[in-house]
Amino acid sequence: MKIEQELLIRSDSKCELCGAAEGLAVYEVPPESNGSSDECILVCASCSEQVVFPWSLVYIPPSKPSCLQAS
Ligand SMILES: [Zn+2]
């Protein structure tokens, strides 16, 4: 079975971070991915833009600290 299909089943066809059902994409978790679904995660486009590597399941707060808004 393809990884995408495994992830869709595992996640009930929803983003594993926010539960969105559209714009889903498979992300491989580096650096030791061997191609199994255990090292992959299904995320939506919105979440994928917020996920910053190196990989960690850290939720980015919606508002940035004021010290990061200077630029
Ligand atoms: Zn999401």
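Which residues make up the largest nonpolar core? In this predicted model, the largest nonpolar core holds eight residues in all. Four of its members are named here in sequence order: Leu7, Cys15, Leu24 and Ile41. The others are Leu42, Val43, Cys44 and Cys47. Strand β2, which spans residues 40–43, supplies the largest share of this core. Its contribution is three residues.

The overall layout was examined next. The chain contains two helices and two strands. Along the sequence, these elements follow the pattern α-β-β-α. The chain has 71 residues, and 13% of them count as buried. Contacts between residues at least 6 apart in sequence were also considered. Of these contacts, 45% join residues at least 24 apart.

Within the core, Leu42 has contacts with several parts of the chain. Residues up to four places away in sequence are left out of the list that follows. Leu42 touches Leu7, Leu8 and Ser11. Leu42 also touches Cys15, Glu16, Leu24 and Val26. Two of these partners, Leu7 and Leu24, belong to the core along with Leu42. Cys15 is a further partner of Leu42, and Cys15 is likewise listed in the core.

Leu8 shows the other side of one such contact. This residue lies in helix α1. Is Leu8 buried, exposed or partly exposed? Leu8 is partly exposed, because 16 other C-beta atoms lie within 10 Å, and the partly exposed class falls between 12 or fewer and 20 or more. Beyond four places in sequence, Leu8 touches Ser13 and Leu42. Leu8 and Ile41 are 33 residues apart in sequence. In space, their C-alpha atoms are 9.6 Å apart.

The loop between α1 (3–10) and β1 (25–28) was then followed residue by residue, beginning with Asp12. Asp12 sits in the loop between α1 and β1. Asp12 has a positive phi of about 60°, although Asp12 is not a glycine. Asp12 is exposed, because 10 other C-beta atoms lie within 10 Å.

Ser13 is found in the loop between α1 and β1. Ser13 has a positive phi of about 60° and is not a glycine. Why does Ser13 count as exposed? Ser13 counts as exposed because it has 12 C-beta neighbours inside 10 Å, and the cut-off for exposed is 12 or fewer. Leaving aside neighbours within four places in sequence, Ser13 is in contact with Leu8 and Ala21. Ser13 and Val43 are 30 residues apart in sequence. Their C-alpha atoms are 9.8 Å apart in space.

Leu17 also lies in the loop between α1 and β1. With 18 C-beta neighbours inside 10 Å, Leu17 counts as partly exposed. Which residues does Leu17 touch, not counting residues up to four places away in sequence? Leu17 touches Val43 and Cys47. Both partners are listed in the nonpolar core. Leu17 and Ile41 are 24 residues apart in sequence. From C-alpha to C-alpha, the two are 8.9 Å apart in space.

Glu22 is placed in the loop between α1 and β1 as well. Glu22 is exposed, because 10 other C-beta atoms lie within 10 Å. Glu22 and Cys44 are 22 residues apart in sequence. Their C-alpha atoms are 6.4 Å apart in space. Cys44 is one of the core residues.

Note on methods
Residues numbered from 1 in each chain as written. Predicted model: local features only at pLDDT ≥ 70, side-chain atom pairs only at ≥ 80, totals over all residues. Core = buried A, V, L, I, M, F, W, Y, C linked by C-beta atoms within 7 Å. Helix = DSSP H or I, 4+ residues; strand = E, 2+ residues; numbered from the N terminus. Contact = placed C-beta atoms within 7 Å.
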